[in-house]
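Visitor: I would like to learn how to read a ligand site, a metal site and a domain assignment. Please take them one at a time.

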Amino acid sequence: MSTNPFNNRYHDLGPGFYQSIKPTPVQSPELIIYNQELATALGLDETVLNSSANTAVFSGNQLPNGGEPLAMAYSGHQFGHFNPNLGDGRAILLGQIHDPQGRLLDIHLKGTGQTAFSRNGDGRAALGPVLREYLVSEAMAKLGIPTTRALAAVTTGEEVARDQLLPGGIITRVASSFVRIGTFEHFLARNDMDSIKRLADYVIEHHYPQTKQAENPYLDLLDVVVEGQASLIAQWMQLGFIHGVMNTDNMSITCETIDYGPCAFMDHYAHNRVYSSIDHHGRYAYNNQPNIGLWNLSRFAECLLHLIDDNQDSAVEVAQHRLEAYISIYQKHWLSGMRNKLGLSTEQSEDKQLAEDLLDLMARDQVDFTLTFYYLSLLDKDASNDDSLLALFDDAASITAWLDQWRQRLNKEASQDVERQHRMHAINPVYIPRNHLIESAIRAAEDQGDYSVFHTLHEVLQNPFELQPGKEIYMQPPQPDEVVHQTFCGT
Ligand code: AMP
Ligand code: MG
């Protein structure tokens, strides 16, 4: 697959960090999709596109030289409860590469068979969740959100038993790192402080080398992860994205969106929207995501305490202080992002209220999140073309009053319509991976072996900010009978 040699620095950390294991071969793999653009950007060889060699690598049937495949050990808090025994139960770190910019990247296969961490699971993935992760993670990348990337997806030619027998699939994903908050917790739970230090040093060395210069690199590590998670979650909020299962084992230490399970983009807005079938109490509801970010970071801080200061009281005090900064850092990211969404290029004290008022009106009338901001981006300073936006709302008077406020606010800055609309269109997408569209792509693939629906949707999502002629259907919210009310983790 590669002219870019595989290696594996994670392997150097030693046996307590992983199980050395190869993927279990599958019967008759077939390539569904290969991400040529990403492969090129990563310096992976292009000449074998769609060839049997690629299919063999992306199904785990053939190993790249030097990868030293392994299943990573981790633990984690799932819905607030600590589980000491998680780990890659159905995934394998195939190896690492350095991209042309010299960044170390993890190449992971998901759905590769049992490992020491599989517990009662079969180690496999069904095709549906593989297609779902491919579509959503690549859409996230094109929307500009830090995320794992999808490099390839294959069918295995084997069936997996869930509620029913389903076709099996394997996804190849690429991340800066698959180290999670839960990886640190794994060693804290075992009182293995030496391994926490080795892990922290590994993360600093490969992902945050700038923190090495700091007076207290481990405190700096906490700071950069606090900053990165606050920024990431603010970006989710600005696109109506609900991760769905923000357990600490699904939170990346390099602050990318990882582990796409029951995630969803919101259609009709509600502050506390939940899609995941297993999130019974709304712990991971849309508006709870920022709080959960802090909760998860607090678990991370606990793992670093002994590295921050020998005196535990002092360590707690200083870590507490850094965690408290999260709220204002998050607010800062959220507000600057919302200003951008509203087309504001200066800061005024009323901006937060203006943004919140719009969300309240959207909630009251259950208006589509994405279309609201897209139509807003089309409006001029005079009210000559408000109709498309007004039509989304039941209560025309309230949104008209809000638009008056918005225009008064716009008049406080010098921007021109065309320039402002241009800015707004660059961040308010036309297309998101809507749940009902993903569902229809999966249905066609699973039920009829027809991948054209998947490919067309994927193609549209490559350019989420550009109106594409003939693709109007992809920007529309679901019809009442198409609404997806629940999403599943598909494990
Ligand atoms: P996830 O819901 O994907 O974040 O997975 C949570 C934990 O369950 C991880 O340790 C996974 O490796 C494990 N897991 C999920 N599905 C399977 C499966 N089919 N076989 C083995 N382990 C699994
Ligand atoms: Mg996970």
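**Ligand, metal, domains**

Guide: A polar side-chain atom of R119 lies 2.9 Å from an oxygen atom of ligand 1. A polar contact is a pair of N or O atoms within 3.5 Å; within protein, one must be able to donate a hydrogen and the other to accept it, and residues adjacent in sequence count only if both atoms are side-chain atoms. The protein covers 86% of the 480 Å² of accessible area that ligand 1 has on its own, by the Shrake-Rupley method with a 1.4 Å probe; for residues, only the protein chains shown count as cover.

Visitor: What is the status of the model and its numbering?

Guide: This is a predicted model: local features need pLDDT of at least 70, side-chain atom pairs count only at pLDDT 80 or more, and totals for chains, interfaces and linings use all residues. Residues are numbered from 1 along each chain as its sequence is written, chains are lettered from A and ligands numbered from 1 in the order in which they are written, and side-chain values use heavy atoms, without hydrogens and water.

Visitor: Which protein donors does the magnesium ion (ligand 2) have?

Guide: Donors are N, O and S atoms within 2.8 Å of the metal (3.2 Å for Na, K and Ca); water is not among the atoms, so sites may look incomplete. Here they are N250 (OD1) and D259 (OD), 2.0 to 2.1 Å from the ion.

Visitor: Where do the domains lie?

Guide: Bounds come from an automatic or database domain assignment. Domain 1 is 9-181 and domain 2 is 342-425, with C-alpha centres 41 Å apart.

Visitor: What other contact does ligand 1 make through R90?

Guide: An N or O atom in the R90 side chain is 3.1 Å from an oxygen atom of ligand 1.
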